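Student: I have a structure open and want to understand the words used to describe it. Can we go through them one by one?

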Amino acid sequence: MTLTFRKLHPCFVAEVSPVDLRRVHDPETLGQIRAGMDEYAVLVFRDQPFADDEQLAFAQRLDGVLHTKLGISALQKNRLGNEALGDISNLDESGEIMRSDNRRRMYGLGNRLWHTDASFQDPPGRYSMLSAKVVPPVDADTEFADTRAAYDALPEEEKRRLEGLRVHHSIAYSRQTLGFEFSQGEQDALQGAIHPLVRTIPRSHRRSLYVASHASRIIDWPVPEGRLLLRDLIEHATQAEFVYRHSWRVGDLVIWDNRATMHRARPFDDTKYRRELRRVTTLDIEQPAPVVTRS
Ligand code: OGA
Ligand code: MN
């Protein structure tokens with residue numbers, strides 16, 4: 001089947017023509033979706049009534065290995081009972097809206113900082129796929145920033161300065177910037193990971209700024225100097241011209257490339273309205289080599 005892509009922002013993001021992803025198994029259509037991800041970095045699919053196992057299976061068909069390595073089980077353990085299925089909701093274990101002082105809620109508020117999923121792990125996250133089940137009657141949007149366009153827009157001299165730099169990413173760092181407190185045991189379990197500051201995305205060969213709230217320091221630089229550069233780059237990459245705002249409808253599936261974008265949740269009255277989404281993320285490990293046929 002041939003999919004068409006309607007661009008939703010001058011730099012990136014496309015809405016894909018109607019398709020039931022539960023039924024997409026053929027390599028050709030999956031290949032079109034991957035090519036769409038290479039080009040647009042964020043794809044919006046409407047009306048995808050996934051059951052949880054169908055969402056997990058689709059993610060594996062599209063991009064291979066699922067991210068299951070949990071950070072802190074007490075904080076990420078969820079109602080859904082599958083460690084590859086992220087509970088992106090404001091509900092507690094019994095399905096009630098979390099109170100404002102709930103520790104899991106406070107941890108989850110970190111999603112309101114510009115970030116890229118699982119950059120504090122190695123391998124980090126590649127594609128995240130977020131499926132909307134319940135959306136509030138008020139705006140509770142997600143914003144995405146194109147970190148490839150942001151890289152392209154840097155002056156050449158700045159690009160040269162960034163060449164070869166490496167960054168330590170830590171979720172303990174990003175949560176602590178909001179005043180969230182970890183126990184010593186939790187901190188010990190969250191050592192973080194090191195990744196290049198500028199990434200080259202295979203296939204598209206585009207370069208992107210791999211920065212995020214989790215980016216804690218630049219390796220071999222004085223910490224304050226590195227943090228200032230990281231802040232500047234995040235500020236640069238999240239200027240309005242690089243940002244798309246997604247307003248959720250029930251049944252939406254949005255897929256984003258964590259190597260090429262940052263995202264953040266926007267605030268809403270989350271102790272009043274239910275919001276329930278499910279996320280599956282794949283691991284950024286080598287993709288299977290394309291099949292080469294000899295002529
Ligand atoms: C996520 C995330 C933002 C939102 O699912 O990874 O950051 O708006 N979500 O819920
Ligand atoms: Mn996220």
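Tutor: Start with a donor: an N, O or S atom within 2.8 Å of the metal. Keep in mind that this is a predicted model.

Student: What makes His 115, Asp 117 and His 263 donor residues of the manganese ion (ligand 2)?

Tutor: Check the distances. The manganese ion (ligand 2) is coordinated by His 115 (NE2), Asp 117 (OD) and His 263 (NE2) at 2.1 to 2.2 Å. The cut-off is 2.8 Å, so these N and O atoms count as donors. In sequence, the donor residues are spaced H-x1-D-x145-H.

Student: Are His 115 and Asp 117 buried or exposed?

Tutor: Both are buried. That word means under 20% relative accessible area.

Student: Now ligand 1. How do you know that Thr 142 makes a polar contact with ligand 1?

Tutor: An oxygen atom of ligand 1 is 2.6 Å from an N or O atom in the Thr 142 side chain. The limit is 3.5 Å, so the pair is a polar contact. Arg 279 passes too: its side chain has an N or O atom 2.6 Å from a ligand 1 oxygen. For the His 263 side chain, the distance is 3.1 Å. The protein covers 99% of the 290 Å² of accessible area that ligand 1 has on its own.

Student: Which cavity is the space taken by ligand 1?

Tutor: The largest cavity.

Student: What classes of residue make up the shell around ligand 1?

Tutor: Four nonpolar, four polar and four charged residues. Among the residues around ligand 1 are Ile 88, Asn 111 and Arg 275. Ile counts as nonpolar and Arg as charged; Asn falls among the others, so Asn is polar.

Terms used: Residues numbered from 1 in each chain as written. Chains lettered and ligands numbered in written order. Predicted model: local features only at pLDDT ≥ 70, side-chain atom pairs only at ≥ 80, totals over all residues. Heavy atoms only, no water. Near = heavy atom within 4 Å. Polar contact = N/O pair within 3.5 Å; in protein donor to acceptor, adjacent residues only side chain to side chain. Areas by Shrake-Rupley, 256 points an atom, 1.4 Å probe, with all protein chains shown as cover. 1 Å grid on protein atoms, 1.4 Å probe; cavity = no way out; pocket = protein on both sides within 12 Å on 5 of 7 lines; lining within 4 Å. Sits in = over half its atoms within 2 Å of the grid points. Donors = N, O, S within 2.8 Å, 3.2 Å for Na, K, Ca; no water. Buried < 20%, exposed > 50% of the residue type's maximum accessible area, 1.4 Å probe, protein only.
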